[in-house]
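User: I should like to learn how to read the features of a protein model, beginning with the contact between chains. Please give the general idea each time and then the case at hand.

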Amino acid sequence: MQGGLHLPPSSPWKRALSLPFSALQVFVRKLRKAYGKSEWSTVERLKDNKPSYKLDHIVKERYPTFIDALRDLDDALSMCFLFSTFPRTGKCHVQIIQLCRRLSVEFLNYVIASRSLRKVFLSIKGIYYQAEVLGQPITWITPYAFAHDHPTDVDYRVMATFTEFYTTLLGFVNFRLYHSLNLLYPPKIEGQSEVELKPTEGEAYAMDSESYLEKLSALSASLARVVAPTPEDDVEMDEFPVEGETAEQMDARKKEQEVLEKQKKLFEGLRFFLNREVPREPLAFIIRCFGGQVSWDKSLCIGATYDVSDPSITHQIVDRPRLEQQVVGRYYLQPQWVFDSVNAKLCLPVADYFPGVLLPPHLSPFVTEQEGDYIPPEKLKLLAMQRGENAGEESEEEEEEEEEDDNDDDDEEEEEEEDDSEKEEETKLKKMEEQKTQSKALPVKVTAGKVRLEDKQRLEQEQQSEEKRLAIMMMKKREKYLYKKIMFGKKRKVREANKLAEKRKAHDTAIKEEKKKNKKARRA
Amino acid sequence: CAEPSGASRPGAAPAPRPCWETGASEPRRRPAGGAAAAPAASGGGGSGRVDCPSLSCPAFVSPSGTQGCICVELCVLHHPHAAFLSTLPQDIRNTVGNIPMEWYQDFPHIGYDLEGKKIYKPIRNKDELDKFLEKMENPDYWRTVQDKMTGADIKLTDEQVDLVHRLQKGQFGDVHFDPYEPAIDFFSHEVMIHPVTNRPADKRSFIPSLIEKEKVSKLVHAIKMGWIKPRKPKEDTPTYYDLWAHEDPNSILGRHKMHVPAPKMKLPGHEESYNPPPEYLPSEEEKLAWEQQEPAERKLNFVPRQYRCLRAVPAYSRFIHERFERCLDLYLCPRQRKMRVNVDPEDLIPKLPKPRDLQPFPTTQALVYRGHSSLVRCLSICPGGQWLVSGSDDCTVRFWEVSTARCMKTLPLAGVVKSISWNPNPTICLVAIAVEQSVLLVNPSLGDKLLYGATDQLLESYVAPEEERVQPVQWVAATTEEHGKGIRLVVQHSRPVKQVTWHGKGDYFASVLADNSNMQVLIHQTSKRWSQNPFRKSKGLVQCVLFHPIRPYFFVATQRYVRVYNLLKQELTKKLMTNCKWVSSMAIHPGGDNIICGSYDSKLAWFDLDLSTRPYQLLRHHKKALRSVAFHKHYPLFASGSDDGSVIVCHGMVYNDLLQNPLLVPVKVLKGHALTWDLGVLDVLFHPTQPWVFSSGADGTVRLFT
């Protein structure tokens, strides 16, 4: 970023920046001249007096209200989290990287303090988080903690320019957010006065100047408040019924609120211990966001609060195939359990997540299935569980049963398929899927009377569809084009859903057969 | 450069002989055997260069060649053991000094001796062979070097070779020199009581500098006056405050009022998970297809993968790319508010009256008239609706009873039947058949005997006029054999006849010839056996013609236009643009104000003659070329048959009220004909009284839909 800004002339950013930066332009001109004349002393002097600039007013101009700023925070957070993982050498200035790290850690601490994390997702690209701040969903992604393979076809100057703006924005947002929670900004760790901030136990770990940020980024301690919170502060909010809202809607809203409150206290009272092979920061962040206590090995990072041998630990997060010695009284779980539990808004049964066990699929919490979309069976199971039905066990039992009397089942299935084959392709697969997910035992009896009834219905249906076809013929050209486009999109959606369902079915049958084979082999 | 004393180099007793500069190329000349003992000198000649090996004191190994040469000169001259040199066969000395030796390259001598005589170079007349022999035979060849200064060959002694080796290895030339001796500091940081020099201090060291004083006072003055300010400490930590403390929505600048916030990035779906459900993992083909797609066309910018545990998940290599692309999107892509019409597709479908309310219309196939062995090109029905006649490519005309599908009569003819038309006059039983170049008028002798007898009488009552008029065609009475078949009259044309159609009264009929001249359309009068050519000029290829059912109008359809002629006034009244590429057929509403035209580009144009010369509506119901269209005599129905094998029956209500536009509603798609040679339905025809439709197809059948 020698010479400040690098932006193409036509960009709106440039337009916003160029006006108050004439001093910078003059500086660049002078510097170039001094370089050209090889006047090194002038260069030194100029560099010493490089005019600094602030982006405050641009932030204010671009985001006139705080909500606007929050709405656009996604990219700022993602960029800051990315920059904070960059090496301290090379690509860009160390100050920017350190500032990014500081701001992102502050934001994480805010999310912990406000308990506003809602969704997390382990993707192959990185970890997605979604927090709800003042009613605005804020989503950001952090890369997995590996060294970056810095690509050559990326212009880091452009990214640095963005980051400069984003850090300013994020700093102001953090300030405001901290003050909205009555927290001190810059944040202070609770229970430590200024004197105590001098590191005692972390001495071996970090230098004086760094230990503060390191402790903060350990995410294990809560933050100091301006005014100590008293229990009376949590005033029950008065309820004002919104006009035009029915009682049902209000109930639904209330229920939602309750669920939310419950989710916020998901890990309350649980004590976690992170093994060293587990990504510490994301897990510590998530667990603390939902009220859990978390610790790790003392040599791993600063801020460990208790030891492995602590008997009060309830969950130990482990990511290795087997453990040499296990302590009685705690669950050993894979990290996906934490993520899935958060997304499910309830503590999932732990059996599927023991170390070395084949994990159930990790689903995206950001997908909201519409009518007609493909829903993976795991999601259906989860939804049932959220509704309070104990579907998981049932289905397992069912599976067992299925295996027991597979022959009977097969016959039934065949019959069903025959029935279905008359119907249209699209409905067929969907139905099959539904039947699969619900229960197998459908009464498959066809009486003569029923058949006639169906025929009548079908006749009617056929007539209706023909009428529709004829009406479509009479459409105007432009409308017809639009209609065809819409229908094409719909059909493609159905096709894709069917494809997924088919794939799943094939996969399930393959697995089932393998199981059967294994069983037979074991019997023989 | 003083003569080195013996004390300074104690190990120099056996007086090493001067070794002259060895060029980079010379060591390479050594035989292979010697190369092992004496590793080749480093090629560049700079670092491992031997400048003055005779001086074993390292201080004299000078880096620059020129100085070294002088040293050699001096030490050779003043060497105490210089006499030793005289043992050489010839005492050659360099007397020219340090000059570039190539100046003497072309001379036989180098310099002059004290007497002013030339000092000759040793004679060198060795050719390559000699050199080679010497190389092979002389065991000391590898240690022989040429002295450039004198041009003499010198054999290096063992000590000299040793020295060269040592220097090549980067060691000191003197064997006895110890580079690791403890260092003695001559100057130390400690202040000694005695000064190094005894020079008295300068005066200026006692007196304060005036210049400095002046400078300082200037600076002090500048500081006092406030011209110089202390440098501001640099703030590298940004300060934050409550930027939105005074939110004023009215302060939004003009250009931000229209600000379009950046669209958020798409949220990840199940397929992006590190452990997705198995159905989201791509198969091998899908992966291959993904790789072959253009990066911009890919639906997902990554391949879904499954990892067994979180520990196994690697870094995503395109993470920085994606953030960078997002930056580019943010500042390079212009944003635009797009109004997305969220239409319910059902709303787009026009609300039409239900076909059920528009009954009667044909709905099901009732009868199939089988018998023809080739495509049935044309159909016609008697005005009473009892008999149907069909003409086919198998050179026959068949008469059918409509209600029973029984073939009453088969009339074999000379050629392919192009067109057929039953006389619309109910009192006359006569069928016009277009076969090759003639139009046959046939009395089918079906139905009421009185009726067809009367027709025969009518035809026989013709009295030829006294004056023979020139006619474009020939009217020939049938031979007895033909008469037996039913043929009564033959109108012989000069060209093949494409179409024949009757006027509503049943006396006139028109025929269309396959020709390019003005002789394309002819109008014939049966009662007078008289024909005429109404057009003086050809206006294009005539496809079909039609008489107006009530008024004296005549419709001629060329490829793209339909011309309406007034027969009485003998003038063109209207020219209808069909907006089609090639009109195939035409039919007129019994009311006479509406026309439909079918075209080969699968369009059907409905004209309202009172409204405009352009189509009132252009219907694109068929997928392939239309072959024929037909109106029903009484019911508000019209039908079109197409190459896609379907007949579409439409409700076409025409209101007497001129203000109300006709209502066109498709009511039924009738399918039954099999596609043969890419041809489907060739002709459609309505029953004159019932809401029934006949269709003839390329599969050789005629079908009745009721």
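User: How many salt bridges are there between chain B and chain A?

Analyst: Side chains of opposite charge can pair when their charged atoms come close. The rule applied here requires a side-chain nitrogen of Lys or Arg within 4 Å of a carboxyl oxygen of Asp or Glu. By this rule the count between chain B and chain A is eleven, and the search of the whole structure finds 36 over all chains. Please note that this is a predicted model, in which local features need pLDDT of at least 70 and side-chain atom pairs count only at pLDDT 80 or more, while totals for chains, interfaces and linings use all residues. Residues are numbered from 1 along each chain as its sequence is written, chains are lettered from A and ligands numbered from 1 in the order in which they are written, and side-chain values use heavy atoms, with hydrogens and water left out.

User: Which residue forms a salt bridge with A:Asp75, and are the two partners buried or exposed?

Analyst: Burial is read from relative accessible area: buried means under 20%, exposed over 50%, and partly exposed in between (1.4 Å probe, protein chains only). The partner of A:Asp75 is B:Arg326, with the closest N and O atoms 2.7 Å apart. This pair crosses between chains, from helix α6 (residues 73-83) of chain A to helix α9 of chain B. Helices (H or I, at least four residues) and strands (E, at least two) are DSSP runs, numbered from the N terminus. A:Asp75 counts as buried at 7% relative accessibility, and B:Arg326 is buried at 10%.

User: Where do B:Lys299 and A:Glu496 lie?

Analyst: These two residues form a salt bridge in which the closest N and O atoms are 2.6 Å apart. B:Lys299 lies in the loop between α8 (284-292) and α9 of chain B, and A:Glu496 in helix α18 (residues 477-523) of chain A, so the pair joins two chains. B:Lys299 is exposed, at 65% relative accessible area, whereas A:Glu496 is partly exposed, at 34%. A further salt bridge joins the side chains of A:Glu466 and B:Lys668, at 3.1 Å from N to O. Salt bridges also link A:Glu378, A:Arg504, A:Asp508 and B:Glu279 in a network.

User: What is the area buried between chain B and chain A?

Analyst: The size of an interface is often given as the accessible area lost when the parts come together. Here the buried area is the accessible area (1.4 Å probe) that the two parts lose on being put together, summed over both. For chain B and chain A it is about 8,400 Å², of which carbon and sulfur atoms give 63%. B:Tyr240, B:Trp244 and B:Tyr331 supply 11% of the area that chain B buries against chain A, more than any other three residues. The contact (heavy atoms within 4.5 Å) takes 82 residues from chain B and 114 residues from chain A.

User: How many residue pairs are in polar contact across this interface, and which element gives the largest share of the side of chain B that touches chain A?

Analyst: A polar contact is a pair of N or O atoms within 3.5 Å; within protein, one must be able to donate a hydrogen and the other to accept it, and residues adjacent in sequence count only if both atoms are side-chain atoms. Across the interface of chain B and chain A, the rule finds 32 residue pairs, both residues being at pLDDT 80 or more. The elements giving two or more residues to the side of chain B that touches chain A include α9 (319-332) and β30 (663-671). The largest share, eleven residues, comes from α9(B).

User: How should a salt bridge within one chain be read, and where are A:Arg118 and A:Glu132?

Analyst: The side chains of A:Arg118 and A:Glu132 meet at 3.8 Å, N to O. The pair links distant parts of the chain, 14 residues apart: A:Arg118 is in strand β1 (residues 117-122) and A:Glu132 in strand β2 (residues 127-133) of chain A. A:Arg118 counts as buried at 11% relative accessibility, whereas A:Glu132 is partly exposed at 35%.

User: How many disulfides are found over all chains?

Analyst: A disulfide is a pair of cysteine sulfur atoms within 2.5 Å. The search of the whole structure finds zero. B:Cys429, for example, is in no disulfide, and the nearest cysteine sulfur, that of B:Cys382, is 7.5 Å away. B:Cys429 counts as buried at 5% relative accessibility.
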